Amino acid sequence: MPTQHRAIQSRQALIRSAAETFLEKGVPAAGMVEISRRARLSKGALYFHFTSKDDLTLAVRDTALSGLQEIEGAFTRSPEPLAVAVRDFAVELFRQVESDAVLRAGLRLRPETAPGLDILALERRWYALFLDKAMTCGSGGPAGRIGPAGTADPTGPQATDAEPRRTAQLLTSVVVGLLHLGGEDRTWWEQEAVVGVWSLLSDAATAGAPAPDRLAAG
(Lines give C-alpha, C1' and ligand atoms only; values in the text may rest on other atoms or scores of the structure.)
Protein backbone atom coordinates (compact mmCIF):
# COMPACT_ATOMS: atom_id res chain seq x y z
CA MET A 1 0.00 0.00 0.00
CA PRO A 2 1.47 3.42 -0.95
CA THR A 3 2.65 5.47 2.02
CA GLN A 4 0.36 8.42 1.24
CA HIS A 5 -2.73 6.22 1.03
CA ARG A 6 -1.81 4.51 4.29
CA ALA A 7 -1.38 7.90 5.96
CA ILE A 8 -4.84 9.00 4.79
CA GLN A 9 -6.37 5.78 6.13
CA SER A 10 -4.60 6.24 9.48
CA ARG A 11 -5.83 9.80 9.80
CA GLN A 12 -9.41 8.77 8.99
CA ALA A 13 -9.22 5.91 11.50
CA LEU A 14 -8.04 8.29 14.22
CA ILE A 15 -10.82 10.78 13.50
CA ARG A 16 -13.41 8.00 13.62
CA SER A 17 -11.90 6.60 16.81
CA ALA A 18 -11.93 10.05 18.43
CA ALA A 19 -15.57 10.56 17.44
CA GLU A 20 -16.60 7.22 18.94
CA THR A 21 -14.69 7.96 22.13
CA PHE A 22 -16.19 11.46 22.38
CA LEU A 23 -19.68 9.99 22.04
CA GLU A 24 -19.02 7.45 24.78
CA LYS A 25 -17.12 9.56 27.29
CA GLY A 26 -17.30 13.17 26.19
CA VAL A 27 -14.36 15.23 24.97
CA PRO A 28 -12.84 16.07 28.39
CA ALA A 29 -12.66 12.41 29.49
CA ALA A 30 -11.38 11.07 26.17
CA GLY A 31 -7.70 10.18 26.35
CA MET A 32 -5.28 10.24 23.45
CA VAL A 33 -3.90 6.80 24.31
CA GLU A 34 -7.40 5.33 24.33
CA ILE A 35 -8.15 6.97 20.98
CA SER A 36 -5.00 5.57 19.38
CA ARG A 37 -5.64 2.09 20.76
CA ARG A 38 -9.22 2.10 19.48
CA ALA A 39 -7.86 2.99 16.04
CA ARG A 40 -5.24 0.21 16.41
CA LEU A 41 -2.45 2.70 15.91
CA SER A 42 0.45 3.78 18.10
CA LYS A 43 0.43 6.95 20.14
CA GLY A 44 3.30 8.11 17.99
CA ALA A 45 1.15 7.69 14.86
CA LEU A 46 -1.58 9.75 16.51
CA TYR A 47 0.78 12.61 17.30
CA PHE A 48 2.21 12.42 13.80
CA HIS A 49 -1.22 13.47 12.49
CA PHE A 50 -2.50 15.58 15.38
CA THR A 51 -0.47 17.75 17.72
CA SER A 52 -3.08 17.76 20.52
CA LYS A 53 -6.58 16.70 21.46
CA ASP A 54 -7.79 20.16 20.48
CA ASP A 55 -6.35 19.59 17.02
CA LEU A 56 -8.06 16.19 16.82
CA THR A 57 -11.36 17.66 18.03
CA LEU A 58 -11.27 20.27 15.28
CA ALA A 59 -10.58 17.50 12.76
CA VAL A 60 -13.74 15.72 13.93
CA ARG A 61 -15.63 19.00 13.54
CA ASP A 62 -14.23 19.64 10.06
CA THR A 63 -14.98 16.09 8.88
CA ALA A 64 -18.53 16.32 10.22
CA LEU A 65 -18.94 19.70 8.53
CA SER A 66 -17.73 18.26 5.24
CA GLY A 67 -20.32 15.49 5.47
CA LEU A 68 -23.03 18.01 6.29
CA GLN A 69 -22.05 20.14 3.30
CA GLU A 70 -22.51 17.13 1.01
CA ILE A 71 -26.06 16.68 2.28
CA GLU A 72 -26.74 20.39 1.86
CA GLY A 73 -25.31 20.28 -1.65
CA ALA A 74 -27.76 17.53 -2.60
CA PHE A 75 -30.58 19.70 -1.23
CA THR A 76 -29.44 22.68 -3.28
CA ARG A 77 -29.36 20.56 -6.45
CA SER A 78 -32.78 19.00 -5.81
CA PRO A 79 -35.34 19.86 -8.51
CA GLU A 80 -38.16 19.54 -5.98
CA PRO A 81 -39.97 22.55 -4.48
CA LEU A 82 -38.91 23.69 -1.04
CA ALA A 83 -41.13 21.59 1.20
CA VAL A 84 -40.42 18.29 -0.55
CA ALA A 85 -36.71 19.09 -0.81
CA VAL A 86 -36.51 19.91 2.91
CA ARG A 87 -38.32 16.70 3.79
CA ASP A 88 -35.84 14.71 1.69
CA PHE A 89 -32.98 16.72 3.23
CA ALA A 90 -34.20 15.82 6.73
CA VAL A 91 -34.56 12.13 5.86
CA GLU A 92 -31.00 11.98 4.48
CA LEU A 93 -29.55 14.11 7.28
CA PHE A 94 -30.94 11.91 10.03
CA ARG A 95 -30.01 8.72 8.17
CA GLN A 96 -26.41 9.86 8.08
CA VAL A 97 -26.40 11.21 11.62
CA GLU A 98 -27.64 7.82 12.78
CA SER A 99 -25.06 5.83 10.83
CA ASP A 100 -22.00 8.12 10.92
CA ALA A 101 -20.33 8.47 14.32
CA VAL A 102 -18.17 11.36 13.12
CA LEU A 103 -21.15 13.43 12.00
CA ARG A 104 -23.04 12.56 15.18
CA ALA A 105 -20.06 13.50 17.37
CA GLY A 106 -19.49 16.72 15.44
CA LEU A 107 -23.06 17.81 16.06
CA ARG A 108 -22.59 17.21 19.80
CA LEU A 109 -19.40 19.21 20.22
CA ARG A 110 -19.76 22.29 22.39
CA PRO A 111 -19.61 25.55 20.42
CA GLU A 112 -16.78 26.87 22.59
CA THR A 113 -14.78 23.72 21.80
CA ALA A 114 -15.46 23.51 18.06
CA PRO A 115 -17.72 26.30 16.78
CA GLY A 116 -19.85 25.98 13.69
CA LEU A 117 -22.10 22.98 14.33
CA ASP A 118 -24.07 24.08 17.39
CA ILE A 119 -27.86 24.43 17.20
CA LEU A 120 -27.83 28.20 16.69
CA ALA A 121 -25.26 27.93 13.90
CA LEU A 122 -27.28 25.19 12.21
CA GLU A 123 -30.48 27.24 12.49
CA ARG A 124 -28.85 30.19 10.74
CA ARG A 125 -27.21 27.94 8.18
CA TRP A 126 -30.35 26.00 7.24
CA TYR A 127 -32.62 29.03 7.32
CA ALA A 128 -30.39 30.75 4.73
CA LEU A 129 -30.28 27.54 2.66
CA PHE A 130 -34.06 27.03 2.74
CA LEU A 131 -34.83 30.70 2.15
CA ASP A 132 -32.63 30.77 -0.93
CA LYS A 133 -34.53 27.83 -2.41
CA ALA A 134 -37.89 29.34 -1.41
CA MET A 135 -36.97 32.56 -3.21
CA THR A 136 -35.77 30.80 -6.36
CA CYS A 137 -37.90 27.66 -6.67
CA GLY A 138 -41.05 28.23 -4.62
CA SER A 139 -42.20 26.38 -1.53
CA GLY A 140 -44.74 23.98 -2.97
CA GLY A 141 -47.35 25.13 -0.47
CA PRO A 142 -47.35 26.67 3.00
CA ALA A 143 -46.22 23.69 4.97
CA GLY A 144 -45.25 21.66 1.98
CA ARG A 145 -48.39 20.07 0.62
CA ILE A 146 -47.06 16.67 -0.41
CA GLY A 147 -48.95 14.18 -2.51
CA PRO A 148 -48.97 10.43 -1.85
CA ALA A 149 -46.23 9.77 -4.37
CA GLY A 150 -43.85 12.06 -2.49
CA THR A 151 -44.12 15.00 -4.88
CA ALA A 152 -45.51 18.46 -4.24
CA ASP A 153 -49.29 18.61 -4.45
CA PRO A 154 -50.16 21.37 -6.95
CA THR A 155 -53.69 21.57 -5.51
CA GLY A 156 -52.44 22.53 -2.04
CA PRO A 157 -52.87 26.08 -0.74
CA GLN A 158 -50.30 28.53 -2.04
CA ALA A 159 -50.89 31.48 0.30
CA THR A 160 -47.52 31.48 1.96
CA ASP A 161 -45.55 31.25 -1.27
CA ALA A 162 -45.59 35.03 -0.92
CA GLU A 163 -44.00 34.65 2.50
CA PRO A 164 -40.81 32.68 1.81
CA ARG A 165 -39.13 33.87 5.01
CA ARG A 166 -41.92 32.57 7.20
CA THR A 167 -42.00 29.27 5.31
CA ALA A 168 -38.22 28.84 5.53
CA GLN A 169 -38.31 29.64 9.24
CA LEU A 170 -41.05 27.11 9.90
CA LEU A 171 -39.24 24.33 8.03
CA THR A 172 -35.94 25.18 9.72
CA SER A 173 -37.60 24.93 13.11
CA VAL A 174 -39.06 21.53 12.24
CA VAL A 175 -35.70 20.11 11.12
CA VAL A 176 -33.85 21.54 14.15
CA GLY A 177 -36.59 20.30 16.45
CA LEU A 178 -36.35 16.77 15.05
CA LEU A 179 -32.57 16.89 15.38
CA HIS A 180 -32.94 17.81 19.05
CA LEU A 181 -35.63 15.21 19.74
CA GLY A 182 -33.62 12.48 18.03
CA GLY A 183 -30.72 13.12 20.38
CA GLU A 184 -32.92 11.74 23.16
CA ASP A 185 -34.96 9.24 21.16
CA ARG A 186 -33.59 8.13 17.81
CA THR A 187 -36.98 7.01 16.54
CA TRP A 188 -37.50 10.68 15.65
CA TRP A 189 -34.75 10.27 13.03
CA GLU A 190 -36.45 7.37 11.26
CA GLN A 191 -37.79 8.07 7.79
CA GLU A 192 -41.32 7.11 8.82
CA ALA A 193 -41.28 9.67 11.63
CA VAL A 194 -39.99 12.47 9.37
CA VAL A 195 -42.54 11.71 6.63
CA GLY A 196 -45.24 11.57 9.31
CA VAL A 197 -44.36 15.04 10.57
CA TRP A 198 -44.52 16.40 7.02
CA SER A 199 -47.91 14.77 6.54
CA LEU A 200 -49.19 16.49 9.68
CA LEU A 201 -47.90 19.82 8.41
CA SER A 202 -49.64 19.29 5.08
CA ASP A 203 -52.89 18.35 6.80
CA ALA A 204 -52.72 21.42 9.04
CA ALA A 205 -52.10 23.67 6.04
CA THR A 206 -55.02 22.13 4.13
CA ALA A 207 -57.29 22.70 7.13
CA GLY A 208 -56.25 26.33 7.21
CA ALA A 209 -54.42 26.12 10.50
CA PRO A 210 -52.11 29.11 10.97
CA ALA A 211 -48.43 28.23 10.70
CA PRO A 212 -46.51 29.39 13.78
CA ASP A 213 -43.59 31.72 13.27
CA ARG A 214 -41.41 29.33 15.19
CA LEU A 215 -41.75 25.80 16.53
CA ALA A 216 -40.19 24.80 19.85
CA ALA A 217 -37.08 22.67 19.40
CA GLY A 218 -38.28 20.10 21.90
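Reader: In this predicted model, which residue forms a salt bridge with Glu 98, and how should I read such a pair?

Author: The general idea is to look for a side-chain nitrogen of Lys or Arg within 4 Å of a carboxyl oxygen of Asp or Glu. Here Glu 98 is paired with Arg 186, and their closest N and O atoms are 3.2 Å apart. Glu 98 belongs to helix 5 (residues 82–99), whereas Arg 186 sits in the loop between helix 8 and helix 9 (191–206), so the salt bridge ties together parts that are 88 residues apart in sequence.

Reader: Are the two partners buried or exposed, or something in between?

Author: For that one reads the relative accessible area, where buried means under 20% and exposed means over 50%. Glu 98, with a value of 34%, is partly exposed, and Arg 186, at 35%, is counted as partly exposed too.

Reader: How many salt bridges does the rule give, and which residues are linked in a network?

Author: The count comes to 9 salt bridges, and Glu 20, Glu 24 and Arg 38 are linked in a network of them. Within that network, the side chains of Arg 38 and Glu 24 meet at 2.8 Å, taken from N to O. Arg 38 lies in helix 2 (residues 32–38) and Glu 24 in helix 1, so this pair joins parts that are 14 residues apart in sequence. As for accessibility, Arg 38 is partly exposed at 31%, while Glu 24, at 55%, counts as exposed.

Reader: Which residue forms a salt bridge with Lys 25?

Author: The partner of Lys 25 is Glu 34, with the closest N and O atoms 3.1 Å apart. Lys 25 has a relative accessible area of 44% and is therefore partly exposed, and Glu 34, at 24%, is also placed in the partly exposed class.

Reader: How should I read a residue such as Thr 21, and is it buried or exposed?

Author: A careful reading takes the position, the accessibility and the contacts in turn. Thr 21 is found in helix 1 (residues 3–25), and its relative accessible area is 0%, so it is classed as buried. The side chain of Thr 21 reaches back to the backbone oxygen of Ser 17, at 2.8 Å. Once neighbours within four places in sequence are set aside, Thr 21 is in contact with Gly 26, Ala 30, Glu 34, Ile 35 and Arg 38. Two of these have already appeared in our discussion: Glu 34 as the partner of Lys 25, and Arg 38 as the partner of Glu 24.

Reader: Where is Gly 177 found, and what is its C-alpha separation from Trp 188?

Author: Gly 177 is found in helix 8 (residues 164–184), and at 5% relative accessibility it counts as buried. Along the chain, Gly 177 and Trp 188 are 11 residues apart, and their C-alpha atoms are separated by 9.7 Å.

Reader: Turning to pockets, what is the volume of the largest one, and which residues are closest to its centre?

Author: One may begin with the volume and then ask which residues make up the lining. The largest pocket has a volume of about 300 Å³; 14 residues line it, and those closest to its centre are Leu 107, Arg 108, Ile 119, Leu 179 and His 180. Helix 6 (101–108) and helix 8 each supply at least two residues of this lining, and the largest share, 4 residues, comes from helix 8. By class, the lining has 8 nonpolar, 2 polar and 4 charged residues.

Notes:
Residues numbered from 1 in each chain as written. Predicted model: local features only at pLDDT ≥ 70, side-chain atom pairs only at ≥ 80, totals over all residues. Heavy atoms only, no water. Buried < 20%, exposed > 50% of the residue type's maximum accessible area, 1.4 Å probe, protein only. Polar contact = N/O pair within 3.5 Å; in protein donor to acceptor, adjacent residues only side chain to side chain. Contact = heavy atoms within 4.5 Å. 1 Å grid on protein atoms, 1.4 Å probe; cavity = no way out; pocket = protein on both sides within 12 Å on 5 of 7 lines; lining within 4 Å. Points joined across faces, edges and corners; volume = space filled by probe spheres on them. Nonpolar A, V, L, I, M, F, W, Y, C, P; charged D, E, K, R; others polar.
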